[in-house]
There are 2 protein chains.
Amino acid sequence: MPSPELTPGSRGYIIPIGGAEDKVSAKAILKRFAHLCGGTDAVIAVVPTASVDPETPDRYRRVFAEVGVRNVKVLDVQRREDATAATTALLDATGVFLTGGAQLRLSTLLGGTDVARLLRRMNALGVHVAGTSAGAAFLSEHMIAFGKEGGSPLAGQATLVPGLGLTNRVIVDQHFRQRDRMGRLLSSLAYNPFAIGLGLDEDTAAFIGPDNKLEVVGSGAITVVDAGGLEHSSMATVDEGKPVEMIGVRLHVLVEGSRFDLHARRAFPAPEPRPHG
Amino acid sequence: MPSPELTPGSRGYIIPIGGAEDKVSAKAILKRFAHLCGGTDAVIAVVPTASVDPETPDRYRRVFAEVGVRNVKVLDVQRREDATAATTALLDATGVFLTGGAQLRLSTLLGGTDVARLLRRMNALGVHVAGTSAGAAFLSEHMIAFGKEGGSPLAGQATLVPGLGLTNRVIVDQHFRQRDRMGRLLSSLAYNPFAIGLGLDEDTAAFIGPDNKLEVVGSGAITVVDAGGLEHSSMATVDEGKPVEMIGVRLHVLVEGSRFDLHARRAFPAPEPRPHG
């Protein structure tokens, strides 16, 4: 569960990113994140634990340097027993960035450690926490660990495990357009429809503010799946691997500049350019 | 547009099938179709025009024989000028079955011919018309001719062309779970949200009755996408290939035994078995 805020609204942003945010020349998402964290004064702690590629920390040092952040610390936990000592890298961070890789590395290596506790506490006190791909999946209380691809939901298709727990309002799926994940996001929500599903395309991020309103940044779309008004689901009775009936899902496809209020469950369109022709 | 019925409710069933209906041992869909058409007295006209495989007619003769239909006629139009002469194969049919293949072969070879006119007229008078895969896409007034795969909709992603026109209430997409087609179905509906999108998994059919209520038959799911209550779409202003914003889509995942009222836009769950455990 999220750590309590000192005063309502003091929480930092929670920023799940759909992956591939550094492969696009404009780097709009990372620029926005860097700006939020203080621009040239930002201190970003990079957590590359999801990745087994030893190049990952240096790659993000370069990427953050390109958007004007020179003060980058690396909090690299590769064994659980290293976690407590690693927390020093977090102490003066104004923002934390969790890289991609395998989300089960994040939950198995950081879950229950001082790093996880400190990340929740610092976010509650105003530090912004972003994660891309596996890092995005890990941010919330319920994380999709794995699940087969495909457009319609199957019983047992998605395996949910406890995540970092900065928020429990959303369940995140990433590489959404690119990897055909509507079915597993729907089946994740069918288990218990209280959360809101965020299907994040690559190079697309949800900037979730302290007021639980999110804004879309990036070149793709966010598919918001709201099963809160679900009239019926057959999840409790259907056999594993069989399609799950779901009646009354609400769905929004949001693009850069669109907003969604996670509390009121309402979407607001992006300001429109003039019509064609 | 649909041909007028003689009396309301006299129309035959319209039965789009998501493909692969003959590859599953139970053949529940074809049995149901054969039963509807008169069982052992059924006369089924098979239209293999979508397919370029010369084996297709014989394959369906065998498949229909396996579900008890021995009177199968083949209406094979491979050139537009053959269409008028081919209509004799339709005259005593109690059901018509359009095979898979390429849906643009159906629209380009049959569109505007006596075959298309007669199919509409006979359906209005009570003859049941089923189509699988390409044949399913062709049944309605607006047909998805082609479109890239992917979960979130892009402007111009789906190319809609005029289909056979038995109904204009639905836009059909097939192989839905198997080929990641949520995005192109959403983008088809964003052009004009009046129609209801039916995303048909393989081995899954919508039996659309004369009362415009459909029942799901088969082993997969039908994803019903109802954009009729759309609050906002950016389709008119967004550049081609860019994601389209859509706010307020309703979505239902329906399984065997579920029903959907295309007029009232309401879903009804399948009768449930007893809960597990």
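Two strands count as paired here if DSSP finds at least two bridges between them. Keep that in mind as we walk through this structure, which is a predicted model.

Let's start in chain B. Here you'll find an open sheet of nine strands with mixed pairing, and if you read across it the order is β3-β2-β4-β5-β1-β10-β11-β15-β16. At the edges sit β3 (71-74) and β16 (266-268) of chain B, each of which pairs on one side only. If you step from strand to neighbouring strand in this sheet, the turn is 20° on average, direction ignored.

Now pick out some neighbours within that sheet. Strand β1 (residues 14-17) of chain B runs parallel to strand β5 (residues 128-132) of chain B, and four bridges hold the pairing. To see one partnership in this pair, look for Pro16(B), whose bridge partner in β5(B) is Gly131(B). Over towards the β3 edge, helix α2 (residues 56-66) of chain B lies across β2 (43-47), β3 and β4 (95-98) of chain B. Its direction is about 165° to that of β3(B).

Move along to strand β11 (residues 213-218) of chain B, which is mostly covered, with five of its six residues buried. On one side there's strand β10 (residues 204-208) of chain B, which pairs with β11(B) in the antiparallel sense over five bridges. In that pairing, Phe207(B) has Glu215(B) as its bridge partner. The two strands form a hairpin with four residues between them, and Asn212(B) in this hairpin takes a positive phi near 60°. β11(B) also pairs with strand β15 (residues 259-261) of chain B, again antiparallel, through three bridges. There, Lys213(B) stands opposite Asp261(B).

Time to hop over to chain A. Strand β10 (residues 204-208) of chain A is largely enclosed by the rest of the structure, because five of its five residues are buried. Follow the side chains along β10(A): Thr204(A), Ala206(A) and Ile208(A) point one way, while Ala205(A) and Phe207(A) point the other way.

What does β10(A) pair with? Strand β1 (residues 14-17) of chain A is joined to β10(A) by two bridges, and these strands run antiparallel. Here Ile17(A) is matched with Ala205(A) as its bridge partner. Strand β11 (residues 213-218) of chain A also runs antiparallel to β10(A), with five bridges joining the pair. In this pairing, the bridge partner of Thr204(A) is Gly218(A). β10(A) and β11(A) make a hairpin with four residues between the strands, and Asn212(A) takes a positive phi near 60° in it.

So far we've kept to one chain at a time, but the two chains also touch. In total, 41 residues of chain A are in contact with 41 residues of chain B. On the chain A side, α7 (176-179), α8 (182-191) and β14 (246-254) each supply at least two residues. Which of the elements of chain A gives the largest share of this side? That's β14(A), with nine residues. By type, the chain A side divides into 20 nonpolar, 14 polar and seven charged residues.

β14(A) is worth following across to the other chain. Five bridges join β14(A) to strand β14 (residues 246-254) of chain B, and the two run antiparallel. To find a spot where the chains meet in this way, look for Leu251(A): its bridge partner in β14(B) is Val249(B).

Conventions
Residues are numbered from 1 along each chain as its sequence is written. Chains are lettered from A and ligands numbered from 1 in the order in which they are written. This is a predicted model: local features need pLDDT of at least 70, side-chain atom pairs count only at pLDDT 80 or more; totals for chains, interfaces and linings use all residues. Axes are lines fitted to C-alpha atoms, for helices over the stretch in contact, and angles run from 0 to 180 degrees between N-to-C directions. Two residues are in contact if their C-beta atoms, placed from the backbone, lie within 7 Å. A residue is buried if 20 or more other C-beta atoms lie within 10 Å of its own, exposed if 12 or fewer, and partly exposed in between; C-beta atoms are placed from the backbone. Ala, Val, Leu, Ile, Met, Phe, Trp, Tyr, Cys and Pro count as nonpolar, Asp, Glu, Lys and Arg as charged, and the others, Gly among them, as polar.
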